[in-house]
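Visitor: I'd like a quick tour of this protein before I get back to the bench. Can we take it one question at a time?

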Amino acid sequence: MKNLIKMTLAAATLCFVQLSNAQKLSLQSSNIKIEGTSTLHDWTMTSTQATLSGNASGNTINDVRFVMKTTSLKSKESAMDKNAYKSLETSKYPDITFTTASLPASGTATVSGNLTITDVTKNIKFPVTVTKNGNSYIIKGSTKLKMSAFGIKPPSFMMGTIKTGDEITININISATN
């Protein structure tokens, strides 16, 4: 019984030390690029406005939450932005959110997490590379997904004569510090 109590106390102490060593991340910059196709031309929308939270502890970043305002996505054409915002229902669903329990503090991994767009949440796999330099982290990654998987009807223009492809590529480049 004494050994069980000692082991429990040791485990609790280790957990406390781990938690006290965790450092909150602070977003320094973000560059999100979404690429797609249409029957007229390829297109790109970008955002440099987002929030990121997480706790860096040892070789892991835990409780990661990334949020981007849908209206921060911009293309070179205001008409395209307007159609994208309509498809994303930005007034009803202002955020795109990705959460994951953890990602490596350094190295390459395929992170599994929940991506929420409009009112649909899907578990996705997102390949990332994290580069740590002192207290700084650079997180880069890219994945493909279909808009229809999130209940989004790909936008069309000019009475449906120009149609947007269903598949998009999401590229992230995030810089954070603790």
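Visitor: Let's start simple: how many helices and strands does the protein have?
Guide: Keep in mind that this is a predicted model. Read along the sequence, the pattern goes α-β-β-β-β-β-α-β-β-β-β-β-β-β. Tally that up and you get two helices and 12 strands.

Visitor: In what order do the strands of the open sheet sit?
Guide: The sheet takes in 10 strands, and their pairing is antiparallel. At the edges are strand 1 (23-24) and strand 3 (43-47), each of which pairs on one side only. Going across from one to the other, the order is 1-4-5-6-7-8-9-12-2-3.

Visitor: Which residue in strand 12 does Ile139 stand opposite?
Guide: Strand 9 covers residues 136-146 and strand 12 covers residues 167-177. These two pair in the antiparallel sense over 11 bridges. Across from Ile139, in strand 12, stands Ile174.

Visitor: Now the pockets: how much space lies in the largest pocket?
Guide: Two pockets are worth a look here. The second largest holds about 160 Å³. For the largest pocket, the figure is about 710 Å³.

Visitor: Which residues are closest to the centre of the largest pocket?
Guide: The lining is made up of 40 residues. Helix 2 (residues 78-88) gives the most to it, with six residues. Closest to the centre, though, are Ile34, Trp43, Leu73, Ile168 and Ile170.

Visitor: By class, how many residues in that lining of the largest pocket are nonpolar?
Guide: Take the other classes to begin with: five residues are polar and one is charged. The nonpolar count in the lining of the largest pocket is 34.

Visitor: And which element gives the largest share of the lining of the second largest pocket?
Guide: This pocket is lined by Asn83, Lys86, Ser87, Lys153, Pro154, Pro155 and Ser156. By class, that's two nonpolar, three polar and two charged residues. The largest share, three residues, comes from helix 2.

Visitor: Zooming out, what percentage of the residues of the protein count as buried?
Guide: Buried here means under 20% relative accessible area. The protein has 178 residues in total. The share that counts as buried is 38%.

Visitor: Last one: what share of the accessible surface belongs to carbon and sulfur atoms?
Guide: The accessible surface of the protein comes to about 10600 Å². Of that area, the part belonging to carbon and sulfur atoms is 55%.

Technical notes: Residues numbered from 1 in each chain as written. Predicted model: local features only at pLDDT ≥ 70, side-chain atom pairs only at ≥ 80, totals over all residues. Heavy atoms only, no water. 1 Å grid on protein atoms, 1.4 Å probe; cavity = no way out; pocket = protein on both sides within 12 Å on 5 of 7 lines; lining within 4 Å. Points joined across faces, edges and corners; volume = space filled by probe spheres on them. Helix = DSSP H or I, 4+ residues; strand = E, 2+ residues; numbered from the N terminus. Nonpolar A, V, L, I, M, F, W, Y, C, P; charged D, E, K, R; others polar. Pairing = 2+ DSSP bridges. Buried < 20%, exposed > 50% of the residue type's maximum accessible area, 1.4 Å probe, protein only. Areas by Shrake-Rupley, 256 points an atom, 1.4 Å probe, with all protein chains shown as cover.
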